[in-house]
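Visitor: I am new to this structure. Please pick a place to start, look at it closely, and then connect it to the rest step by step.

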Amino acid sequence: MQDIRLAIFDWDGTLMDSVGRIVACVQGAARDCELAVPAPAQIRQIIGLSLDVAMSRLFPLSSGSGSGSGSGSAFDERQIAALIDRYRHHYLHDATPSPLFSGAGELLHDWRSRGLQLAVATGKSRRGLDRVLDETGLRPLFVTSRGADEARSKPDPLMLEQILDELGLSPRQAVMIGDSVHDMAMAEAIAMPRIGVTWGVDSSDALSRHGPVAVVDSMTALHALL
């Protein structure tokens with residue numbers, strides 16, 4: 001991977017150990033909206049998607065049938081909006097720890113010091129991404145970033161294409177690093193090299209189905225690749 005000039009990171013489950021917090025907040029939102037509470041395994045499958053897509057998959061349109069006046073689709077749009085609002089409320093106030101994974105900060109600082117450009121492509125909104133970049137103090141390390149409300153949801157590759165266009169790079173000059181099949185499929189769609197990490201939501205077998213150059217089990221192993 002000697003021609004790589006840019007490393008693009010997913011955030012949740014890749015750099016930050018936030019899966020438990022996301023699960024808790026989705027479940028809290030479901031309870032607030034008086035809907036069936038999804039199991040953690042169901043929620044893990046939608047982590048990395050934009051919130052509207054994620055909530056629509058967890059709480060399909062049929063959940064709104066038979067309520068109120070007007071069309072079911074209109075009700076469902078209001079329901080999804082309410083779920084997103086309650087999710088964001090819980091995320092601001094939930095006490096579930098969501099630290100950076102051990103070694104993540106050191107890896108980012110080392111790669112940046114050696115001239116590798118860094119970026120983020122995440123299912124978080126811009127507001128949510130800005131918050132964690134500031135809270136962690138990592139903002140200065142990244143040359144650019146894209147949130148879910150600035151492009152189409154993963155696995156659509158638009159956010160990667162936007163990053164590449166901004167920096168004047170080709171897909172082969174970058175690598176996508178993520179913990180979910182959504183990250184791998186997004187990069188695969190534009191033939192961008194990709195590295196799967198197993199400390200987030202998806203297994204090595206699931207990540208490997210998308211042809212990554214490597215799947216790693218530790219931050220140390222990831223650090224050694226570039």
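Guide: Start with Cys33, whose sulfur is 13 Å from the closest cysteine sulfur, that of Cys25, and is therefore too far away for a bond. The model is a predicted one, and the distances here are computed from its atoms. A disulfide would need the two sulfur atoms within 2.5 Å. The surroundings of Cys33 are partly open: the residue counts as partly exposed because its relative accessibility is 22%, while buried means under 20%.

The structure as a whole holds 0 disulfides. Cys25, accordingly, is in no disulfide, and its nearest cysteine sulfur is that of Cys33, 13 Å away. Cys25 counts as buried, because its relative accessibility is 0%.

From the cysteines, turn to the enclosed space in the model. There is 1 cavity of 30 Å³ or more, and the largest cavity holds about 330 Å³ of space. Its lining is made up of 23 residues, and those nearest its centre are Leu51, Tyr87, Gly123, Lys124 and Ser125. Several helices take part in the lining of the largest cavity: α1 (19–32), α3, α4 (72–93) and α6 (126–136) each supply at least two residues.

Gly123, one of the residues nearest the centre of that cavity, leads to Ser50. Ser50 sits in the loop between α2 (40–44) and α3 (51–58). Gly123 is among its contacts beyond four places in sequence, along with Ala148 and Ser153. Ser50 has a relative accessible area of 6%, so it is buried. Its side chain also makes a polar contact of 2.6 Å with the side chain of Asp52. Further along the chain, Met159 is 109 residues from Ser50, yet the C-alpha atoms of the two are separated by 12 Å.

Met159 belongs to helix α7 (residues 158–167), where the buried residues are Met159, Leu160, Ile163 and Leu164. These four lie on the same side of α7, because they cover an arc of only 135 degrees around its axis. The spacing fits a general rule: an α-helix has 3.6 residues a turn, so residues three or four places apart point the same way. The cover over the buried residues of α7 includes the strands β1 (6–9), β2 (117–121), β3 (144–146) and β4 (174–178), together with helix α8 (181–188). Just after α7 comes Gly168, with a positive phi of about 70 degrees.

Helix α8, part of that cover, contains Asp183. This aspartate counts as buried because its relative accessibility is 0%. The side chain of Asp183 is joined to that of Lys154 by a polar contact of 2.6 Å. Leaving out residues up to four places away in sequence, Asp183 touches Asp10, Lys154, Met176 and Gly178.

Three of the strands over α7 return at another helix. β1, β2 and β4 are among the elements that cover the buried residues of α5, and α10 (219–225) is also among them. Which residues of α5 are buried? In this helix (residues 104–113) they are Ala104, Gly105, Leu107, Leu108 and Trp111. They line one face of the helix, because they fall within an arc of 165 degrees when seen down the axis of α5. Glu106 and Ser113 are exposed and sit on the face turned away from the buried side of α5. Here too a glycine follows the helix: Gly115, just after α5, has a positive phi of about 95 degrees.

One last stop goes back to α6, a helix that supplies at least two residues of the lining of the largest cavity. Thr136 is found in α6. It is partly exposed, because its relative accessible area is 25%. Apart from neighbours within four places in sequence, Thr136 is in contact with Trp11, Met16 and Leu100. Leu100 is 36 residues from Thr136 in sequence, and the two C-alpha atoms are 8.0 Å apart. The side chain of Thr136 also reaches the backbone oxygen of Leu133, at 3.3 Å.

To return to the starting point: Cys33 is partly exposed, because its relative accessibility is 22%, and the structure holds 0 disulfides.

Notes. Residues are numbered from 1 along each chain as its sequence is written. This is a predicted model: local features need pLDDT of at least 70, side-chain atom pairs count only at pLDDT 80 or more; totals for chains, interfaces and linings use all residues. Side-chain values use heavy atoms; hydrogens and water are left out. Buried means under 20% relative accessible area, exposed over 50%, partly exposed in between (1.4 Å probe, protein chains only). Contact means heavy atoms within 4.5 Å. A polar contact is a pair of N or O atoms within 3.5 Å; within protein, one must be able to donate a hydrogen and the other to accept it, and residues adjacent in sequence count only if both atoms are side-chain atoms. The arc is that of the directions from the helix axis to the C-beta atoms. On a 1 Å grid over the protein atoms alone, a cavity is a set of points where a 1.4 Å probe fits but cannot get out, and a pocket is an open set with protein on both sides within 12 Å along at least five of seven lines; lining residues have an atom within 4 Å of a point. Grid points are joined across faces, edges and corners, and a volume is the space filled by probe spheres set on the points.
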